[in-house]
Amino acid sequence: MKKPLFFLAFMKKLANFEHTNFRQMSDKKTYSTIRIISETEVKKDYFKKEHVKTFNNCQHLLLELKTTERTFLHFLTEKANENNEIYIDNLLLNDFVMFLKEIKNLNPSIKTLTRYKEKFISLNLLLVTKKSKQHFYINPKYTFKGTETKRIQVLSKLLKDPSILVDSSKIVTVILK
């Protein structure tokens, strides 16, 4: 079946959009570009200005993780809010499964991802809170989504307020400026 001419013209415009308009979008919080997969499928990619920083002091812990576990940790960190807090529920776990299916055609079970989560807790990469069973902090000592100033504020808050974490001794004391 042949595609109508207007559809092909539309696809060419989309392909051209990626090259011409990316600079004009630099003031927005989320960048988006469009890739042409085939004549029938258009894929949108999102690039965020926010970044995740992993610190050298966790290399010994990251060596304990398999590839998919590390990918899951990075996924969680990217999904965390500005305080490194995250709710890990079935919806988030399903998002990760869909993400892996899309990029690598992998299909881990929810049970497997729950095992990964427990491993992160045992390695102190995830900190358990008193709020709920699904609420965690990604340990800002090792990885953080945001600025260094914000990281120090979050670390300070977690160290000073015993009502937040189940076990605040899980954060190794950091010298705060």
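**Cores, sheet and salt bridges: a chat**

Guide: Of the 26 residues in the largest nonpolar core, those touching the most other members are Phe72, Leu76, Ile86, Ile88, Phe120 and Leu125. This is a predicted model, where local features need pLDDT of at least 70, side-chain atom pairs count only at pLDDT 80 or more, and totals for chains, interfaces and linings use all residues. Residues are numbered from 1 along each chain as its sequence is written, and side-chain values use heavy atoms, with hydrogens and water left out.

Visitor: Hi! What is a nonpolar core here, exactly?

Guide: A nonpolar core is a set of buried Ala, Val, Leu, Ile, Met, Phe, Trp, Tyr and Cys residues joined through side-chain atoms within 4.5 Å. Buried means under 20% relative accessible area, exposed means over 50%, and partly exposed lies in between, with a 1.4 Å probe and protein chains only.

Visitor: Which elements give two or more residues to this core?

Guide: Helix 2 (59–62), helix 3, helix 4, helix 5 and strand 6 do. Helix 4 gives the most, with five residues. Helices (H or I, at least four residues) and strands (E, at least two) are DSSP runs, numbered from the N terminus.

Visitor: And what does the second, separate core include?

Guide: That core has ten residues, including Tyr137, Phe144, Leu158 and Ile171.

Visitor: Back to the first core. What is Leu76 in contact with?

Guide: Setting aside neighbours within four places in sequence, Leu76 is in contact with Ile86, Ile88, Leu92, Phe120 and Ile138. Contact means heavy atoms within 4.5 Å.

Visitor: Where is Ile88 found?

Guide: Ile88 is in the loop between strand 4 and helix 4. Its relative accessibility is 4%, so Ile88 counts as buried. Ile88 and Leu76 are twelve residues apart in sequence, and their C-alpha atoms are 8.3 Å apart in space. Leaving aside neighbours within four places in sequence, Ile88 has contacts with Leu76, Leu93, Lys117, Leu126, Gln134 and Phe136.

Visitor: Let's switch to the sheet. What is the strand order?

Guide: The order is 4-6-5 in an open sheet of three strands, with antiparallel pairing. Strand 4 (85–87) and strand 5 (126–128) stand at the edges with a single partner strand each, so one side of each has no neighbour in the sheet. On average, neighbouring strands of this sheet are turned by 40° against each other, direction ignored. For such angles, axes are lines fitted to C-alpha atoms, for helices over the stretch in contact, and angles run from 0 to 180 degrees between N-to-C directions.

Visitor: How many bridges are there between strand 5 and strand 6?

Guide: Strand 5 and strand 6 (residues 135–138) pair over three bridges, in the antiparallel sense. Two strands pair if DSSP finds at least two bridges between them. Leu126 stands opposite Ile138 in strand 6.

Visitor: Now helix 5. Which residues there are buried?

Guide: Thr112, Leu113, Tyr116, Lys117, Phe120 and Ile121 are buried in helix 5. The buried residues of helix 5 pack against helix 3 (67–79), helix 4 (90–104), strand 5 and strand 6. Just after helix 5, Asn124 takes a positive phi of about 65°.

Visitor: How many salt bridges does a search of the whole structure find?

Guide: Two. A salt bridge is a side-chain nitrogen of Lys or Arg within 4 Å of a carboxyl oxygen of Asp or Glu. One joins Glu69 and Lys119, with the closest N and O atoms 3.0 Å apart. That pair links distant parts of the chain, as Glu69 is in helix 3 and Lys119 in helix 5, 50 residues apart.

Visitor: Is Glu69 buried or exposed?

Guide: Glu69 counts as buried, at 5% relative accessibility, while Lys119 is partly exposed, with a relative accessible area of 24%.

Visitor: What does Arg151 form a salt bridge with?

Guide: With Glu148, the closest N and O atoms being 3.0 Å apart. Arg151 and Glu148 are three residues apart in helix 6 (residues 148–160), so about one helical turn separates them. Arg151 counts as buried at 9% relative accessibility, and Glu148 is partly exposed at 38%.

Visitor: What do the buried residues of helix 6 pack against?

Guide: They pack against strand 5, strand 6 and strand 7 (143–145). Those buried residues are Arg151, Val154, Leu155, Ser156 and Leu158.
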